[in-house]
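Please brief me on the structure shown here. I would like the overall build of one chain, followed by a few residues and their surroundings.

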Amino acid sequence: MADTMELRDIEVWDGNMAAAQALRQVQVDVVAAYPITPSTPVVENYANFLANGYIDGEFVMVESEHAAMSGCIGASAAGGRVATATSAQGYALMVETLYQASGMRLPIILNVINRALASPLNVNGDHSDMYLGRDSGWIQFDAYNPQQAYDLNFVAFKVAEDHDVRLPVMVHQDGFMTSHTAQGVKTLSDEVAFNFVGEFQPMNDMLDLDHPVTHGVQTEEDWHFEHKARQHNDLMTKVFPKIQAAFDAYEALTGRKYNIVECYDMDDAEVAVVCMGTSVETAVEVAKEQRAKGIKAGVVGIRVIRPWPFEQIAQAFQGCKAIAALDRSSPNGAPGMLYNELAGTLYNAATRAVLTGYVYGLGGRDLTKSLLNQIYADLVANAAAGKPTTALQQLIGVRGPKLEFL
Amino acid sequence: MSEMKNIKNLKEFSTSADRFEGANLLCPGCAHSIIVREVLNATNDDLILSAATGCLEVCTAVYPYTSWDASWIHIGFENASTAIAGAEAMHKALKRKGRLKQERDPKFVAFGGDGATYDIGFQWLSGCFERGHNMMYVCLDNEVYANTGGQRSSSTPIGASATTSPAGRVSYGEKMNKKDMLAIMAAHGAPYVAQVAPNKWKDMIKKIQTGFAANGPVYINAMSACTTEWKFLPEDTIAISDMATDSLVFPLYEIIDGTKLNITYRPKTVVPVEEYLAAQGRFKHLFKDEYKYLIKEWQERVDAKWDYLQRREEASV
Ligand SMILES: Cc1ncc(C[n+]2csc(CCOP(=O)(O)OP(=O)(O)O)c2C)c(N)n1
């Protein structure tokens with residue numbers, strides 16, 4: 001038996017430690033992992049727990065991220081609780097296996113410490129890795145700070161391992177800005193944390209020796225579509241009720257409330273910024289300052305990126321007149337992902353808010369309050385004009401002549 | 001405790017209960033299926049299996065059917081080794097935590113073609129061996145990417161015509177020598193490494209059983225004559241295999257603990273390499289006058305390798 005770790009009610013943890021502690025507390029059976037900045041400390045912390053008797057699962061230090069996810073898939077199909085962590089290039093190397101993990105309906109938890117994708121090589125936080133996996137069939141949660149990185153891991157295991165779901169879940173947090181920034185994190189005791197997630201209940205497990213199973217079959221035009229359609233259907237219809245139920249249960253346990261879409265000052269908001277990660281906290285602060293100046297400013301944070309919360313988004317903007325979608329990933333020749341998703345969601349919704357897009361913060365560049373103030377000024381002008389007064393896409397916080405398109 | 005099967009003759013073998021069904025889509029005469037049956041038949045223990053993308057995988061698990069009566073997993077082309085290593089790690093964890101449904105220790109076996117093994121999956125395989133998982137990796141070595149229509153691999157021998165190294169007006173086909181996977185895997189310090197051939201089934205079963213009894217990662221290189229890509233008639237698989245082992249193109253030997261080499265089969269009459277080559281369409285062009293020197297070089301290489309193996313066996317290294 002692994003030792004219990006006595007935690008203070010509030011610990012000073014960065015996002016990496018918060019994630020590693022959550023993995024320890026749910027007693028993951030197999031972690032197969034490979035280090036990469038900025039997610040390395042998740043793996044190092046876990047190795048430390050192991051070295052000090054706090055873990056009795058297996059820890060497999062493989063030779064690449066592709067192997068990490070491959071080992072996770074084999075372990076998960078064998079029948080037990082499985083998790084790992086990665087960032088950027090490691091995530092990119094995993095992509096083949098991300099699709100395989102979800103297609104095989106394996107409840108693996110992947111902590112993604114968001115980082116820019118090379119080239120040029122960059123170790124800092126942006127969302128290009130997160131965006132790369134958005135069609136991979138995983139559920140994607142986004143944490144804005146270490147507390148949330150901790151909490152959302154428990155919710156992730158609970159949802160993923162539900163037998164009606166059986167899908168892998170990523171818990172995202174911003175590289176460095178969350179992963180390496182220590183803050184107060186309210187903890188659960190080991191027992192309470194484990195009991196929230198519960199014992200792993202295997203299904204179609206290879207290690208049930210009396211009931212052999214075949215995992216990872218071949219299907220062509222005769223069956224492939226049905227498999228993919230079923231997975232998509234489950235993502236569209238089954239997952240949100242399960243996430244909501246897990247959020248509710250977690251709130252009952254801890255008092256901390258999570259929403260599929262997080263709305264800040266949105267009840268009467270006329271102008272709103274939509275973003276993810278640490279930017280949400282900055283935007284919330286700026287929105288409050290805007291409100292002090294009499295502007296009805298709000299912020300929407302996407303908590304669940306996949307499946308995409310179509311209904312909740314449509315509802316969030318009911319009274320809104322102008323919306324800014326902030327994408328922290330270069331769309332490389334297109335509107336940003338958030339812009340496109342919002343446009344698709346709102347096109348048939350009751351709102352006729354003006355929608356514009358911003359690309360910001362690539363490679364970990366700060367999203368400053370002054371940039372956000374500028375965005376709100378644009379939004380106020382758009383709301384007054386009832387149409388865009390700027391280009392639909394602006395790159396903000398980048399040196400050189402202003403770059404705007406569309 | 002491990003339980004090994006004791007099969008005395010081919011008749012007994014043919015009626016022994018199968019965990020790999022004959023109902024599969026492999027070509028008539030494909031040696032892959034013969035090898036898989038021989039491996040699975042070596043033990044009565046529970047088995048957890050994996051396969052790399054390739055002929056074996058696409059022909060044995062086409063939804064909604066499966067040919068496997070033991071748990072089996074396929075992820076991709078390069079990671080059959082790590083798939084089974086992950087399962088083995090889970091078994092260890094659940095055993096330690098007292099959560100196994102049955103208190104039995106299965107054997108963990110991965111199958112991959114030579115493309116999956118020598119080429120694309122090499123890093124994964126090396127990682128598994130370095131970490132020392134308790135698993136057996138069986139390479140079904142047909143010296144070509146058969147599943148995708150006969151492209152070269154780093155196991156394709158010199159002079160073979162493959163679709164990406166075809167023989168043509170100015171080319172004799174493959175230019176590189178076959179990679180020595182056995183030496184490489186032995187260099188990992190694996191407790192057991194061996195080359196086997198389906199025609200020498202008793203030798204093979206003995207080696208598989210030795211592998212199952214070993215503690216740590218075991219590498220088996222299984223010569224798998226390919227009727228489609230080597231270009232011979234389906235009914236000749238065993239005859240071609242006999243030529244391969246009796247010409248010493250595929251010498252049968254084992255390496256224990258990375259150092260001690262034993263030759264396990266010595267043909268009474270050694271067949272000239274030329275006969276082995278002549279029996280297969282993939283080498284047909286070598287019999288033109290301008291390429292005959294290659295056949296001579298082939299024979300010299302095979303002789304030199306045999307010499308080397310014998311010297312190592314004698315020196316017990
Ligand atoms: C990453 C990746 N690259 C390429 C392929 C295409 N592919 C599938 S099987 C195969 C060849 C298999 O050859 P081998 O491993 O020798 O096995 P065989 O079919 O000959 O038994 C190739 C190239 C793939 N499935 N995945």
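The points below cover chain A as a whole and then three residue sites.

This is a predicted model. Chain A has 406 residues, and its radius of gyration of 21 Å agrees with the value near 22 Å for a compact globule of that length. The residue sites are A:Glu63, which has contacts in chain B, A:Gln148, which counts as buried, and B:Arg282, which also counts as buried.

**Chain A overall**

- The secondary structure of chain A consists of 13 helices and 17 strands.
- Measured out along its principal axes, the C-alpha trace of chain A spans about 70 × 55 × 45 Å.
- Buried residues make up 60% of the 406 in chain A.
- When contacts in chain A between residues at least 6 apart in sequence are taken, 80% of them join residues at least 24 apart.

**Surface and charge of chain A**

- Chain A has an accessible surface of about 15400 Å², and carbon and sulfur atoms account for 52% of that area.
- There are 48 negative and 29 positive side chains in chain A, with 10 Å between the centres of the two sets.

**A:Glu63 and its contacts in chain B**

- A:Glu63 sits in the loop that runs between strand E3 (58–61) and helix H3 (65–79) of chain A.
- Beyond its neighbours within four places in sequence, A:Glu63 is in contact with A:Tyr34 and, in chain B, with B:Gln123, B:Trp124, B:Gly127 and B:Arg131.
- With B:Arg131, the side chain of A:Glu63 forms a side-chain polar contact of 2.9 Å.
- A:Ala88 is 25 residues from A:Glu63 along the chain, and the C-alpha atoms of the two are 16 Å apart.

**A:Gln148 in a helix**

- A:Gln148 belongs to helix H6 of chain A, which covers residues 146–160.
- A:Gln148 counts as buried because its relative accessibility is 11%, under the 20% cut-off.
- Leaving out residues up to four places away in sequence, A:Gln148 touches A:Ala143, A:Tyr258 and A:Arg303.
- The side chains of A:Gln148 and A:Arg303 are joined by a polar contact of 2.7 Å.

**B:Arg282 in a loop**

- B:Arg282 lies in the loop between helix H11 (273–278) and helix H12 (292–315) of chain B.
- Its relative accessibility is 3%, so B:Arg282 counts as buried.
- Residues touched by B:Arg282, not counting those up to four places away in sequence, include B:Glu143, B:Glu229, B:Trp230, B:Lys231 and B:Tyr276.
- Between the side chains of B:Arg282 and B:Tyr276 there is a polar contact of 3.3 Å.

Notes: Residues are numbered from 1 along each chain as its sequence is written. Chains are lettered from A and ligands numbered from 1 in the order in which they are written. Side-chain values use heavy atoms; hydrogens and water are left out. Helices (H or I, at least four residues) and strands (E, at least two) are DSSP runs, numbered from the N terminus. Contact means heavy atoms within 4.5 Å. A polar contact is a pair of N or O atoms within 3.5 Å; within protein, one must be able to donate a hydrogen and the other to accept it, and residues adjacent in sequence count only if both atoms are side-chain atoms. The radius of gyration is taken over C-alpha atoms; the globule rule is 2.2 Å times the number of residues to the power 0.38. Buried means under 20% relative accessible area, exposed over 50%, partly exposed in between (1.4 Å probe, protein chains only). Accessible areas come from the Shrake-Rupley method with a 1.4 Å probe; for residues, only the protein chains shown count as cover. Lys and Arg count as positive and Asp and Glu as negative; His and the chain ends are not counted. The place of a charge is taken as NZ of Lys, CZ of Arg, CG of Asp or CD of Glu.
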